[in-house]
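Please open the model in your viewer and keep the sequence beside it, so that each selection can be followed in both. The stops below can be taken in order, with a pause at each.

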Amino acid sequence: MIVKLSVMNEVNVNKRIVLGISGGIAAYKSCELVRLLKKAGHQVNVIMTQAATDFVSPTTFQALSGEPVCLDTYDASSGNGMAHINLSRQADVMLIAPASANTLAKIAHGTADNLLTTLVAARTCPLAVAPAMNVQMWNNPANQRNLDLLRRDQVTILGPVIGEQACGEVGSGRMLEASQLADLLTDVWTPSLLEGKRILITAGATFEAIDPVRGITNISSGQMGIALARACRAVGASVSFIYGQLQTEIPVGLAYREQASSGDAMYAAVHRLIKQQDVFISVAAVADYKVKNRSEQKLKKQDNQVVPMIELTENKDILASVARLPDAPFCVGFAAESEHVLEYARAKRQKKGVALMVANQVDQAMGKSTNQVILLDDEQEIALPQMSKDDTAAAIVKRLVQLLHTSV
Ligand code: CTP
């Protein structure tokens with residue numbers, strides 16, 4: 001029986017975000033961050049330290065956020081003088097980006113000597129920080145001690161990454177990009193329902209070489225696999241990601257990532273990692289066949305108009321091979337069908353022996369940003385509405401959580 005389920009996406013509901021900006025050149029990235037958070041429908045209230053105003057004008061943040069910007073010069077005598085404190089008390093999350101070494105040190109030690117650090121001390125919501133500093137400052141033992149204190153206080157530390165720095169040095173201390181921060185911030189307010197679970201995901205299209213420059217592939221963009229990686233990461237899972245050809249950037253915050261272009265390479269990578277996994281989600285569009293007579297040299301056009309023949313041989317079925325393992329993880333498969341979606345997906349689920357099968361119609365899914373799927377498991381068949389791949393992924397993870405909890 002198909003249950004029609006209309007899914008309320010709990011991941012992307014609108015939030016009240018207090019964004020603290022401390023002094024650092026990375027403050028320019030926070031302009032884009034405000035824009036992205038606003039575009040996602042969140043309310044953003046910006047608080048700037050005195051030092052931050054040397055890098056970006058408060059007017060810029062005011063225009064981008066559509067809200068007044070709070071500064072150290074804030075006049076506490078207006079109103080009941082509590083408006084700024086209420087800001088952090090009413091927030092769903094507080095993020096400091098960029099977080100300078102100085103601001104991190106103050107927060108780690110409970111110092112509240114400016115508006116930003118006072119709001120941090122007065123908050124009741126979760127706090128995330130995105131450090132940005134020179135590599136020597138980052139590695140400084142005092143800074144590392146402060147970060148340990150912050151971790152112990154449940155502060156989420158986003159980044160930094162290794163890269164080229166404004167001072168010309170290369171090393172750790174570079175703030176994450178705005179899109180990466182906006183992505184990771186959703187994890188802070190998403191309940192960690194799969195904390196400690198290890199999930200292996202395959203994504204994208206495989207590529208079966210014909211010769212060194214040509215090959216057989218398909219139109220999978222990898223978006224669904226990427227959306228699932230983000231959704232699993234958001235609920236606290238440790239995600240390993242094996243990918244073929246992707247048309248989208250891989251998200252940050254994954255435990256492991258490896259490219260495996262061909263079906264054989266993907267099979268080997270999956271079986272190398274599978275023993276440590278609790279869940280296997282096979283989203284990759286793996287070629288059913290590979291080239292038997294692959295040429296080591298580039299094939300040349302024949303003068304005599306002889307058309308070269310490509311001989312194919314079957315690829316191993318990665319998902320079925322994992323599901324057959326004696327200590328198999330919980331397996332999730334995807335059935336890509338162009339007709340008789342439900343009937344074929346039911347048969348595929350039985351044949352491959354997977355606990356949860358996600359059925360989709362290829363012309364509604366592959367290479368597109370939205371998807372419309374049916375979830376098939378032992379208990380139910382749930383038809384989800386057409387929605388973004390992020391929302392579809394959140395709904396799949398929601399069902400996965402339910403099934404994992406009932407299967408233990
Ligand atoms: N799959 C796999 N290894 C393969 C082929 C498919 O792991 N060699 C996985 C896919 O990742 C997906 C599921 O099996 O989770 C179903 O893939 P799909 O392409 O829909 O089905 P096929 O098994 O290839 O069958 P067909 O092409 O006949 O529909």
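How many residues surround the ligand, and which are the closest? Select the ligand in this predicted model together with its neighbours: 14 residues surround the ligand, and the closest of them are S282, A284, D288, K348 and K352.

**The ligand and its shell**

Colour the shell by residue class, and you should find 7 nonpolar, 2 polar and 5 charged residues around the ligand. Next, highlight α11 (318–323), β17 (330–337) and α12 (341–352), each of which supplies at least two residues of that shell. The largest share comes from β17, with 4 residues.

Now look at individual contacts, starting with the side chain of D288, where an N or O atom is 2.7 Å from an oxygen atom of the ligand. Move on to L319, whose backbone has an N or O atom 2.8 Å from a ligand oxygen atom, and then to K316, where a polar backbone atom is 3.0 Å from a nitrogen atom of the ligand. Taken alone, the ligand exposes 570 Å², and the protein buries 78% of that area.

**A turn beside the shell**

From β17, follow the chain to the loop between β17 and α12, and select H340 there. H340 has a positive phi of about 45 degrees, although this residue is not a glycine. H340 counts as partly exposed, because its relative accessibility is 43%.

**A nonpolar patch on the surface**

Select I216, Y289, I310 and L312 together and switch on the surface: they form a nonpolar patch, with about 360 Å² of accessible area between them. L312 belongs to strand β16 (residues 312–314), and this residue counts as partly exposed because its relative accessibility is 43%.

**Salt bridges**

Across the whole structure a search finds 20 salt bridges, and the next selections visit some of them. Begin with helix α7 (residues 141–152), in which D148 and R151 both lie, 3 residues apart, or about one turn of the helix. Their side chains meet in a salt bridge, with N to O at 3.0 Å. Are these two partners buried or exposed? D148 is partly exposed because its relative accessibility is 40%, and R151 is likewise partly exposed, with a relative accessible area of 42%.

Then select R233 and D187, which form a salt bridge whose closest N and O atoms are 2.7 Å apart. R233 lies in helix α9 (residues 223–234) and D187 in helix α8 (residues 178–189), so this pair ties together parts that are 46 residues apart in sequence. R233 counts as buried, since its relative accessibility is 7%, and D187 is buried as well, with a relative accessible area of 17%. Widen the selection to D183, D187, R230, R233 and D390, and you have a network linked by salt bridges.

For one further bridge, select R198 and D278, whose side chains meet at 3.4 Å, N to O. Here, too, the pair links distant parts of the chain, as R198 is in strand β9 (residues 198–203) and D278 in the loop between α10 (263–273) and β14 (279–282), 80 residues apart. R198 is partly exposed at 37% relative accessibility, and D278 is partly exposed with a relative accessible area of 24%.

**Details of the backbone**

Go next to the loop between β5 (127–131) and α6 (135–139), where N134 lies. A polar atom of the N134 side chain is 2.8 Å from the backbone nitrogen of Q136, and N134 counts as buried because its relative accessibility is 18%.

Then show the backbone atoms of A97 and P98, which are joined by a cis peptide bond with omega about 0 degrees; P98 lies in strand β4 (residues 93–99). Another cis peptide bond, again with omega about 0 degrees, joins G159 and P160, and P160 is found in the loop between β6 (156–157) and β7 (161–164).

Finish in the loop between α7 and β6, where Q154 is found. Phi of Q154 is near 70 degrees, a positive value in a residue other than glycine, and Q154 is exposed, with a relative accessible area of 66%.

Technical notes: Residues are numbered from 1 along each chain as its sequence is written. Side-chain values use heavy atoms; hydrogens and water are left out. Patches are made of residues with over 30% relative accessible area and no salt bridge: like charges are joined within 9 Å, nonpolar side chains (Val, Leu, Ile, Met, Phe, Trp, Tyr) within 5 Å. Accessible areas come from the Shrake-Rupley method with a 1.4 Å probe; for residues, only the protein chains shown count as cover. A salt bridge is a side-chain nitrogen of Lys or Arg within 4 Å of a carboxyl oxygen of Asp or Glu. Buried means under 20% relative accessible area, exposed over 50%, partly exposed in between (1.4 Å probe, protein chains only). A residue is near a molecule or strand if one of its heavy atoms lies within 4 Å of it. A polar contact is a pair of N or O atoms within 3.5 Å; within protein, one must be able to donate a hydrogen and the other to accept it, and residues adjacent in sequence count only if both atoms are side-chain atoms. Ala, Val, Leu, Ile, Met, Phe, Trp, Tyr, Cys and Pro count as nonpolar, Asp, Glu, Lys and Arg as charged, and the others, Gly among them, as polar.
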